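This note sets out several points for a colleague examining the model. It concerns the two ligand sites and the cysteines.

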Amino acid sequence: MNKQTILVTGGAGYIGSHACLELLQAGFDVVVVDNLCNSKYESLARVQQITGKTLKFYPADIRDKAALTVIFQEQAIDTVIHFAGLKAVGESCQQPLRYFENNVYGSIVLIEAMQQANVKQMVFSSSATVYGEPPSTQYVEHFPMAAVNPYGRTKAMVEDILRDVSTADQLAQAENPWKIALLRYFNPIGAHDSGLIGEDPNGIPNNLMPYVSQVAIGKLAQLSVFGDDYPTPDGTGIRDYIHVVDLVKGHIKAITALQGDLFSGGACKAYNLGAGKGYSVLEIVSAFERVTGQTINYKIAPRRAGDLAEFFADPALALKELGWQVEKSLDDMVADTWAWQTKNPQGYN
Ligand code: NAD
Ligand code: UFG
């Protein structure tokens, strides 16, 4: 296929902006739709500055069918990467309807607009959180979905919807059947190595890496390590951290795979995007101290409700079918987080 045009929903966000950068560098044309509810246009300005290329930005909400229709009329979109969504687990427990409305209804509107425009290739941002608490700590794609919070359930529901629209096309032997890759991210951290784009959380971060980095720079006083009595070697929680640049490269591999034999005739397939190896909270803290030379002030605090002791990806399927695996190390993730933090102590403000 010739040069593709990719519509990136949520493209101004943390992962979306890194995806836009990699797509432009790989020679794709990029169109972004984002309502900027959790991001700033500045991220896209910087993506264009780094690449020396331009992208088309539509400030719109994916729940706005008319706005999406205009985008599909004005732009010859080949594939959609669907990042737009709300992502805070705790907030989703307090405001479940807002999460279902934004993430599930918003996805339905997008899928309808795509169907109407006969654009039927999608890469969807799913999450390891769809697995819930399976029998093994190393998650394999065929494990059942059993999300334990509203955010996770929005991801599982959108996966189900996408599988169903794909199955309908296969049964009907549709001429242009849906081709969908569901990418289940483990724990994305890090930033582009330019230090110009990165994660810019609103308020006090919920996630470990941005919290550690704000302690290191003095914005926050102390890290609370949530639990040191888990059944893990040092007692703290273990996660599979993945560099955001590795993660977005997985999306480009997925776009390529959608054109290949595996998806001919239509398919909807899930892939874990993770390293296949976990690090504990204390290992992250000590890597951060070693790589940056900063001291991280921390205390041991009670476990955080809803946290699991340990999980990490089985990334074998992504390697086999997408030809993708992580390339960056934990030290890269820390160094790039720190470069972004020190160059942009106030984020994009
Ligand atoms: P982010 O909040 O930085 O980016 C999401 C973007 O979507 C934001 O720019 C936001 O403004 C936009 N958006 C939200 N609702 C919208 C709507 N209705 N219409 C238009 N734009 C809308 O988050 P992120 O970390 O970049 O995550 C991107 C995707 O990856 C999300 O779907 C998230 O659930 C998923 N994901 C993230 C992680 C993670 O740890 N960061 C893990 C697994 C999955
Ligand atoms: N942690 C701390 N202190 C903090 C923050 C986190 O000790 O201040 C610990 C947690 O207890 C956990 C680990 O650091 O053991 C990682 O926590 P994060 O909040 O960074 O990440 P989670 O694994 O809890 O969740 C993240 C995203 C979810 C996504 C999930 C998918 O927030 O949206 O990864 O793997 F679903």
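Which residue has an N or O atom in its side chain 2.7 Å from an oxygen atom of ligand 1?

1. The residue is Asn38, whose side chain places an N or O atom 2.7 Å from an oxygen atom of ligand 1. The model is a predicted one, and the distances in this note are to be read accordingly.

2. Two further polar contacts involve oxygen atoms of ligand 1. Lys155 contributes a polar side-chain atom at 2.8 Å, while Gly13 contributes a polar backbone atom at 3.2 Å. Ligand 1 on its own exposes 820 Å², and 95% of that area is buried by the protein.

3. The surroundings of ligand 1 comprise 27 residues, with Asp34, Asn38, Ser39, Phe83 and Tyr151 coming nearest. By class, the shell consists of 12 nonpolar, 10 polar and five charged residues. At least two shell residues come from each of α1 (14–25), β5 (121–127) and α6 (150–171). Of the elements, β5 gives the most, namely three residues.

4. At the second site, 23 residues surround ligand 2; Asn207, Ser224, Arg239, Arg304 and Asp307 come nearest. This shell divides into 12 nonpolar, seven polar and four charged residues. Strand β9 (residues 223–226) supplies the largest share of the shell, four residues.

5. The polar contacts of ligand 2 include both side-chain and backbone atoms of the protein. An N or O atom in the side chain of Asn207 is 2.7 Å from an oxygen atom of ligand 2, and a polar backbone atom of Leu208 is 2.8 Å from an oxygen atom of the ligand. Ser224 offers a backbone N or O atom 2.8 Å from a nitrogen atom of ligand 2. Of the 690 Å² of accessible area that ligand 2 has on its own, the protein covers 89%.

6. How many disulfides does the structure hold? There are zero. For Cys37, the closest cysteine sulfur is that of Cys20, and the two sulfurs are too far apart for a bond because 15 Å separates them, whereas a disulfide requires sulfur atoms within 2.5 Å. Cys93 is likewise in no disulfide, its nearest cysteine sulfur being that of Cys37 at 18 Å.

7. Are Cys37 and Cys93 buried, exposed or partly exposed? Cys37 has 45% relative accessibility and therefore counts as partly exposed. Cys93, at 47% relative accessibility, also counts as partly exposed.

Notes
Residues numbered from 1 in each chain as written. Chains lettered and ligands numbered in written order. Predicted model: local features only at pLDDT ≥ 70, side-chain atom pairs only at ≥ 80, totals over all residues. Heavy atoms only, no water. Near = heavy atom within 4 Å. Polar contact = N/O pair within 3.5 Å; in protein donor to acceptor, adjacent residues only side chain to side chain. Areas by Shrake-Rupley, 256 points an atom, 1.4 Å probe, with all protein chains shown as cover. Nonpolar A, V, L, I, M, F, W, Y, C, P; charged D, E, K, R; others polar. Buried < 20%, exposed > 50% of the residue type's maximum accessible area, 1.4 Å probe, protein only.
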